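Student: I have a model open and want to go through its ligand site and one helix packing. Can we start at the ligand?

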Amino acid sequence: MSNLSRRNLLSLGAALGLVGATGAAPALAAPSSKAAANDPWWVWDDELDALMGRLLRDDQIPAINTAMGSWVNNNDSLPEGLPAELADWLQEVNKLPSWADQEKLRLAADLNRRWDTYQFVVYGIGSGIMSTVIPREAKSVYWSAGGADMQDRAAKTFTFGYDLNELNAFEPDGQMVVTANKTRLVHAAVRNLLPQSAHWQSVADEPYRLPISNGDILITFHSLGTFLRKKFQEWQIPMTPEEEEAFLHMWQVAIHLLGVRDEFIPKTWAEAEAQSAEVLTPLIAPTFEGRELAEDLLGLTAQVDLGVSRGFLNEFVRYVLNDQIGDWLNLKRDPASKEFIRNGFPAYIAFREGLIPVAPAGFYVFDQFIRALAMMFLNKGASPTTTPITIPTGNRPG
Ligand code: HEM
């Protein structure tokens, strides 16, 4: 990972056109060295970030959000009513990269369908909670507008996963290209807004560093895709080399659409594993913001009857992630649930995969829990007609 403190820093604020509500440009820092151009930690989305800065200042976002409401499918033409500059920018990027391979994307879609039960567990219980111990992500999410309403935010974020997992995600009548572009716009707005938050500034790890660099997005990818593959291997869920490659390809296309430069995207799982070990594993740590977000997220499930106790949920998080993260997040122990999960979940998988003939004791507890978890996400997140991702215009109130 870059040694950020040794870098020569210069103000990026003027270059990006980032001027706070007070009229003062936040002092954003970036390295002056040429190497920065090749360093994902110092690459953001310069052209879009500057454009979004202007649109925010000119109070154009509410109208853009309204216009974008009807823009859903990959083959929809761009909506009427967008500022010309934004329409021109979207025209350039609102398409699959030339290297996208539809065959691999279709295979990945089939796999997602086959694996969706396990994905709810890995993404929902694992990656979702892991995001709260990725300090830069937790601080950004907590101090942005969405951090104040985690239920709404979780639902919107789920839209991304939902659209990504649709069979036709990257086909003309799918929605993933549009959803990814909307997300890219949200991230660009966040890069303009968070530097105006005194709260965020006071906790940002590098003083005044912009959030959501290409490196940060790669870390989040590792907490999702790379983590999922690792868990599947650990849980002995069968995957052929072609399936693994297709799954990686789907994520490569998704992070390209989120604005990560192609040269930073891992080409193989070996590269992804190495990058994850370098940039994600050593970075995770508890923060005030992360603890609050985790409590919010786990508390959401208390509103829904998942058929299990909070103690079971705590132990499931510990099982999918690890005890260190469980301790950081003060997840109370429940020894009986711990034993039940450690013995029962591998047997649940083995039965589902046809490796044992008779449903093991506890099968229905896991089955019901995962179904309820899925319904919770689906009810809140999925809307058949619109993708409810909107560009924020402010930070967390207060
Ligand atoms: C918003 C997905 C990486 C911080 C969103 C939204 C989606 C999303 C779908 C829109 C939902 C909403 O408006 O709440 C992703 C994906 C990522 C990624 C798929 C990488 C694979 C990151 C990273 C950070 C981040 C690395 C911070 C370091 C945020 C913030 C918001 C946001 C602060 C706005 C929340 C608000 O509305 O205030 N992201 N994101 N994201 N994301 Fe990301």
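Tutor: An oxygen atom of the ligand sits 3.0 Å from a side-chain N or O atom of Ser-144. That is a polar contact (a pair of N or O atoms within 3.5 Å). This is a predicted model, where local features need pLDDT of at least 70, side-chain atom pairs count only at pLDDT 80 or more, and totals for chains, interfaces and linings use all residues. Residues are numbered from 1 along each chain as its sequence is written, and side-chain values use heavy atoms, with hydrogens and water left out.

Student: How far does a backbone N or O atom of Gly-146 lie from an oxygen atom of the ligand?

Tutor: Backbone atoms also take part. A polar backbone atom of Ala-145 is 3.2 Å from a ligand oxygen. For Gly-146, the distance is 2.6 Å.

Student: Which protein residue is the donor to the iron atom of the ligand?

Tutor: Donors are N, O and S atoms within 2.8 Å of the metal (3.2 Å for Na, K and Ca); water is not among the atoms, so sites may look incomplete. The protein gives the iron a single donor, NE2, 2.1 Å away. The residue lies in helix H8 (residues 176–193). It is His-187.

Student: How are helix H5 and helix H14 oriented to each other?

Tutor: Helices are DSSP runs (H or I, at least four residues). Axes are lines fitted to C-alpha atoms over the stretch in contact, with angles from 0 to 180 degrees between N-to-C directions. H5 (residues 102–130) and H14 (residues 310–320) pack at about 85°, axes 9 Å apart. Since 65 to 115 degrees counts as such, they are roughly perpendicular.

Technical notes: Helices (H or I, at least four residues) and strands (E, at least two) are DSSP runs, numbered from the N terminus. Angles under 35 degrees count as roughly parallel, over 145 as roughly antiparallel, 65 to 115 as roughly perpendicular and the rest as oblique. A polar contact is a pair of N or O atoms within 3.5 Å; within protein, one must be able to donate a hydrogen and the other to accept it, and residues adjacent in sequence count only if both atoms are side-chain atoms.
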